[in-house]
2 protein chains.
Amino acid sequence: VIVLPKNLLYAQSGGVTPVINASAYGAIRAALTLPQIKEVYAAKNGIQGVLDEELYHLNAENPNEIEKIPYTPGGIFGSCRVKISSREGDPDWEKLERIFEVFRAHDIGYFLYNGGNDSMETAHAISAYAKENGLDLRVIGIPKTVDNDLLYTDYCPGYGSAAKFTATAILEATKDLKSMSASSTKVFILESMGRHAGWLAASSALSRVNGEAGPSVILLPEIPFSEEAFLTRVEEEIRTKGFCSVVASEALKDDNGDFISTAGYTDSFGNVQLGKICFTLEKIVREKLNVKVHTGLPDYLQRSSRHIASLADWQDAIEAGARSVFWMVHDRLSDMMTVIIRDMSTPYIRHFDFVPLSKIAGKTRTLPAEYIDAEALNVTEGFMEYALPLIKGEAPDNYHLGIPVYANLKYVMEKKRIH
Amino acid sequence: VIVLPKNLLYAQSGGVTPVINASAYGAIRAALTLPQIKEVYAAKNGIQGVLDEELYHLNAENPNEIEKIPYTPGGIFGSCRVKISSREGDPDWEKLERIFEVFRAHDIGYFLYNGGNDSMETAHAISAYAKENGLDLRVIGIPKTVDNDLLYTDYCPGYGSAAKFTATAILEATKDLKSMSASSTKVFILESMGRHAGWLAASSALSRVNGEAGPSVILLPEIPFSEEAFLTRVEEEIRTKGFCSVVASEALKDDNGDFISTAGYTDSFGNVQLGKICFTLEKIVREKLNVKVHTGLPDYLQRSSRHIASLADWQDAIEAGARSVFWMVHDRLSDMMTVIIRDMSTPYIRHFDFVPLSKIAGKTRTLPAEYIDAEALNVTEGFMEYALPLIKGEAPDNYHLGIPVYANLKYVMEKKRIH
């Protein structure tokens with residue numbers, strides 16, 4: 001079979017991670033090297049850039065700046081919160097027709113979508129459309145999410161780095177809290193991202209691995225929040241140790257499945273407070289235990305913390321990007337997401353594989369029961385064994401004048417061909 | 001003059017910094033080396049440990065662990081929020097009598113207090129009491145505060161590292177914001193510590209030094225907050241760039257000098273919200289501009305971020321500790337605080353000196369007018385020239401299994417001698 005060279009398009013989707021650009025680098029660098037690929041493009045702002053026919057031409061970039069892409073946080077080509085459904089009866093087929101009009105106009109034969117479970121649904125929709133219409137397009141999804149909630153992969157690139165940030169942040173903050181607790185603040189509460197899965201909040205427990213105090217309480221969305229159990233534990237910690245450090249998932253729910261942070265807590269204008277569970281908890285602790293509380297909400301800092309990225313995560317993110325290109329070009333695969341399979345935890349040995357996008361799309365992997373010590377409001381040793389390899393090593397940094405240096409791309413926009 | 005060897009006592013006070021333990025290390029290591037000093041102690045929880053006669057005996061520590069002290073965040077001996085006044089008529093003389101009872105019992109001839117302006121008042125009170133009673137005690141203050149608000153010193157150790165954290169955090173978060181802004185969040189607001197001085201919020205501007213986007217708006221406590229000017233600027237940034245990154249000082253005030261975050265904003269229980277200016281601003285932006293806003297409140301993370309400490313700051317913190325010992329032992333000085341004097345900004349050349357504690361105690365240095373571009377809601381080039389040397393270089397780290405390793409002290413408590 002003679003395969004004609006085609007162009008490759010890479011795009012980023014959903015919330016960013018500290019290493020999504022490492023995957024971008026792996027994919028782009030491999031694509032620029034392989035003779036089966038002619039031109040390499042990246043869509044501006046994910047699938048939105050395809051719909052708008054806004055494609056950056058990466059062959060025009062300075063190779064030195066391409067080498068800086070894996071040092072850069074955020075989504076270097078822009079991301080989006082646009083979803084295209086693959087379900088029958090959904091009205092997204094017009095968008096798909098438009099996407100393929102753009103693909104044809106720019107001779108795209110390879111499409112890589114770097115995102116989470118919503119993005120994999122978009123990738124699957126594109127793949128399904130191509131199949132149904134007999135079009136020559138390979139589609140591979142590159143996993144990415146700090147939430148770590150994709151099925152079938154040992155972990156999602158981005159999680160290791162956000163976990164390393166979270167564990168280090170609570171380690172440092174707990175040292176601070178301990179110093180002050182004799183005459184001042186007794187409780188510190190850190191709010192963690194992670195949506196409906198407790199992976200990221202759980203990672204805070206890794207702070208204890210070298211024998212230091214980490215969070216005494218971890219509140220996970222998998223366990224209905226009990227104010228009584230929470231206060232009992234915090235009070236006990238203060239009584240025995242003098243302080244209590246808490247990590248809380250942003251999406252804590254009560255017994256009825258309602259979010260805690262919207263359960264009756266409104267601001268003075270009557271608006272329901274969404275998220276910001278940390279302040280609901282701060283209020284509870286301050287009022288019920290009458291102690292001084294400090295609260296941290298890192299928000300974007302947690303998923304953009306390239307300066308403390310995990311080396312293991314960073315390297316896997318690069319490889320996930322490159323392997324996704326290999327699957328398409330060498331193995332002629334399509335409609336798959338690249339996954340990481342764990343062979344052994346200690347030492348951490350893993351290999352890359354692929355699973356059909358349809359098995360990933362729209363599904364959420366929450367923290368399994370064996371990783372949760374519900375009574376202790378904490379995680380188990382099983383979780384520690386799972387997560388420790390993912391934060392190992394420190395990804396290289398690139399500082400100038402004390403501040404990180406990032407890729408300075410030209411962002412050469414490819415000429416529009418559709419009028 | 002024959003000077004008999006005496007014991008040295010070191011103590012930490014007030015909010016911690018990422019490098020307060022670097023100063024502890026400098027002081028302790030110098031004291032352990034000099035023959036004029038017999039035993040070296042650290043008070044548990046600052047001056048409170050003196051009042052309680054709780055002194056750690058540092059000669060008993062493993063030298064390998066002492067070498068890890070400057071790698072450790074928080075206050076390694078514990079800090080406190082206890083203040084002893086030096087003003088006439090204040091009832092703290094009883095406490096001072098108690099302090100000297102403990103000093104005599106343990107043959108303390110040298111006392112180092114590592115803190116901010118409140119702590120320097122305590123140190124001055126102790127020094128004044130000694131002088132008034134003809135007691136042989138040398139007292140030196142070692143500056144420390146992320147707020148950078150002490151007079152007479154070029155900067156306060158701790159500020160450089162918190163500034164480096166702040167600039168890196170807003171740099172990374174702004175990259176995140178930019179990636180998402182086309183279809184989602186348009187504004188990110190980061191709340192900064194710094195109390196009544198804008199030094200730390202201002203440091204966020206350093207994020208721009210390598211040509212990247214940093215905060216478009218910096219709200220300083222030195223400038224009365226104008227909602228109109230703020231919203232006009234944010235709207236203009238969104239219109240021209242598509243997004244707007246904001247850094248806000250925790251203690252913003254209105255034209256009348258009232259705190260913004262307590263100006264009419266209460267929670268559903270009717271409690272006035274103190275601090276958390278970021279949520280007041282988020283609410284204003286969301287309601288008036290109708291855009292999606294993300295908000296970060298690093299809190300303790302900002303002043304405990306040892307993992308991204310500035311090398312310049314870390315080295316100066318060590319030297320400030322050691323020099324403070326030299327002033328007492330070699331120069332027989334007392335009632336002074338060690339300060340840093342800038343000889344030149346580029347290259348940064350500085351030397352150490354000392355000023356009377358009475359000139360520091362209880363006073364606040366705010367951001368000078370020439371560092372503030374009030375119209376642009378930002379800082380001037382003069383500020384950039386001032387602050388850049390302070391974040392230069394990356395302090396060494398010590399990781400094991402992906403997590404920082406800290407000093408593991410024995411904390412051998414000296415036997416109490418007062419019954």
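1. Let me start inside the sheet of chain A: the bridge partner of Leu9(A) in β2(A) is Tyr41(A). Leu9(A) is a handy place to begin, but please keep in mind that this is a predicted model. The two strands, β1(A) (residues 6-12) and β2(A) (residues 37-43), run parallel and are paired over four bridges. To get from β1(A) to β2(A), the chain passes through helix α1 (residues 20-33) of chain A, and this β-α-β crossover is right-handed.

2. Which other strand pairs with β1(A) in the parallel sense, over six bridges? That is strand β4 of chain A, covering residues 108-115. Here you can look for Gln12(A), whose bridge partner in β4(A) is Asn114(A). So β1(A) pairs with β2(A) and also with β4(A). How covered is β1(A)? Mostly: six of the seven residues in this strand are buried.

3. Now for the aromatic rings. Counting over all chains, there are 37 aromatic pairs in the structure. A nice one to display is Trp327(A) with Phe354(A), an edge-to-face pair with 4.9 Å from centre to centre and 70 degrees between the planes. This pair joins distant parts of the chain, since Trp327(A) belongs to helix α11 (residues 311-329) and Phe354(A) to strand β11 (residues 349-356), 27 residues apart. Are the two residues buried or exposed? Trp327(A) is buried, with 10% relative accessible area, whereas Phe354(A) counts as partly exposed at 28%.

4. Chain B has a pair to look at as well. Trp327(B) and Phe354(B) are edge-to-face, with 4.9 Å between centres and 75 degrees between the planes. Again distant parts of the chain are linked: Trp327(B) lies in helix α11 of chain B and Phe354(B) in strand β11 of chain B, 27 residues apart. Trp327(B) counts as buried at 10% relative accessibility, and Phe354(B) as partly exposed at 28%.

5. Back in chain A, one aromatic cluster deserves a look on your screen. Its members are Trp93(A), Phe100(A), Phe103(A), Phe111(A), Tyr113(A) and Tyr129(A).

6. Finally, how do the two chains relate? Chain A superposes on chain B by a rotation of 180 degrees with 0.0 Å of shift along the axis, at an RMSD of 0.0 Å. This is the relation of a two-fold axis. As for the interface, 100% of the interface residues of chain A are also interface residues in chain B, so the copies meet through the same surface.

Conventions. Residues numbered from 1 in each chain as written. Chains lettered and ligands numbered in written order. Predicted model: local features only at pLDDT ≥ 70, side-chain atom pairs only at ≥ 80, totals over all residues. Heavy atoms only, no water. Buried < 20%, exposed > 50% of the residue type's maximum accessible area, 1.4 Å probe, protein only. Pairing = 2+ DSSP bridges. Right-handed = clockwise from strand over helix to strand, strands pointing away. Least-squares fit on C-alpha atoms with pLDDT ≥ 70 in both. Contact = heavy atoms within 4.5 Å. Phe/Tyr/Trp six-rings, centres within 6.5 Å; stacked < 30°, edge-to-face > 60°.
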